[in-house]
Amino acid sequence: MKGQDVLLLLKLVSLQRQEKHLNGAENLRPRPELWQDWDITEEETLKQKGIIEFSEIEAYRESLYTVRSLEKATGISKTQIAESVKRCTDIGLAKKDRKYGVPRTNKKSLLEFVIYGIKYVFPVRMGELTRGIATSFSAPVLNEKLFSSGELIAVWPDERAKSKGLKVIPLFHSVPYAVRQDGDLYAMLALVDAIRLGNQREAGLAANMLENMFTER
């Protein structure tokens with residue numbers, strides 16, 4: 001398993017949540033100002049506000065689940081995406097939607113892997129001070145639920161970001177690019193980092209929040 005596999009699987013979870021949004025479950029989409037930690041372009045603002053989106057869910061599925069669109073959304077190459085989908089399907093972390101034919105994340109299995117295995121497969125530690133996007137306990141999804149004692153925050157290196165903190169290498173190099181376009185993806189990846197970096201209590205809180213995102217109706 002590779003780091004881009006986790007990024008892609010979480011992106012597929014986010015796309016499925018967005019399908020529910022198009023069906024009227026608007027509460028599933030976080031407001032951009034609650035999770036943004038970087039300077040933003042006009043196009044990105046429009047995307048986050050839902051102005052640039054498809055009006056029909058069939059067109060949405062057909063367009064956004066293609067290898068080309070997934071490459072544009074995640075920064076993972078088309079070849080790597082195809083290999084990742086096959087690899088994740090072979091080990092039971094992904095499956096093909098029987099009705100629509102698009103790739104889906106096996107959310108139950110992915111959650112089990114993230115909670116019990118990811119910190120061993122993808123160990124992480126904080127490095128030197130740098131500018132970057134806040135992650136783990138410092139990200140907006142968690143920073144009001146866990147109170148730090150003044151330590152430097154954890155960040156993914158990114159020149160456009162607003163924060164400064166200790167460097168954390170993301171699961172894949174394109175994570176900062178991918179999360180600028182998708183608040184749900186940012187929240188989920190930050191929660192995954194909290195599980196990778198945190199103690200038992202902190203990791204448990206992040207795991208519960210991630211499970212809630214996976215299972216929201």
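In this predicted model, a salt bridge joins the side chains of Asp-158 and Arg-180, with 2.3 Å from N to O. Asp-158 sits in the loop between β4 (154-157) and β5 (163-167), while Arg-180 belongs to the loop between α8 and α9 (183-197), so the pair ties together parts that are 22 residues apart in sequence. Both partners fall below the 20% limit for a buried residue: Asp-158 is buried because its relative accessible area is 10%, and Arg-180 counts as buried at 8% relative accessibility.

Arg-180 has a sequence neighbour worth a visit, Val-179, which is placed in helix α8 (residues 175-179). With a relative accessibility of 0%, Val-179 counts as buried. In space, the C-alpha of Val-179 lies 8.9 Å from the C-alpha of Ala-73, although 106 residues separate the two in sequence.

Turning back to charged pairs, the whole structure holds 9 salt bridges. One of them is formed by the side chains of Arg-87 and Asp-5, at 2.8 Å from N to O. This pair links distant parts of the chain, given that Arg-87 is in helix α5 (residues 78-90) and Asp-5 is in helix α1 (residues 3-22), 82 residues apart. The two ends of the bridge have their own exposure classes: Asp-5 is buried, as its relative accessible area is 0%, whereas Arg-87 counts as partly exposed at 21%. The value for Arg-87 is easily placed, because buried means under 20% and exposed means over 50%.

A further salt bridge brings together the side chains of Glu-71 and Lys-78, with an N to O distance of 3.3 Å. Here Glu-71 is partly exposed, having 25% relative accessibility, and Lys-78 is also partly exposed, with a relative accessible area of 36%. As general background to these examples, side chains of opposite charge can pair when their charged atoms come close.

The wider setting of these pairs can be described at the level of the chain. Its secondary structure consists of 10 helices and 5 strands. Of the 217 residues in the chain, 48% are buried. Among contacts with a separation of 6 or more, 70% come from residues 24 or more positions apart. Finally, the accessible surface of the chain amounts to about 11,400 Å², and carbon and sulfur atoms contribute 50% of that area.

Conventions. Residues numbered from 1 in each chain as written. Predicted model: local features only at pLDDT ≥ 70, side-chain atom pairs only at ≥ 80, totals over all residues. Heavy atoms only, no water. Helix = DSSP H or I, 4+ residues; strand = E, 2+ residues; numbered from the N terminus. Buried < 20%, exposed > 50% of the residue type's maximum accessible area, 1.4 Å probe, protein only. Salt bridge = Lys/Arg side-chain N within 4 Å of Asp/Glu carboxyl O. Contact = heavy atoms within 4.5 Å. Areas by Shrake-Rupley, 256 points an atom, 1.4 Å probe, with all protein chains shown as cover.
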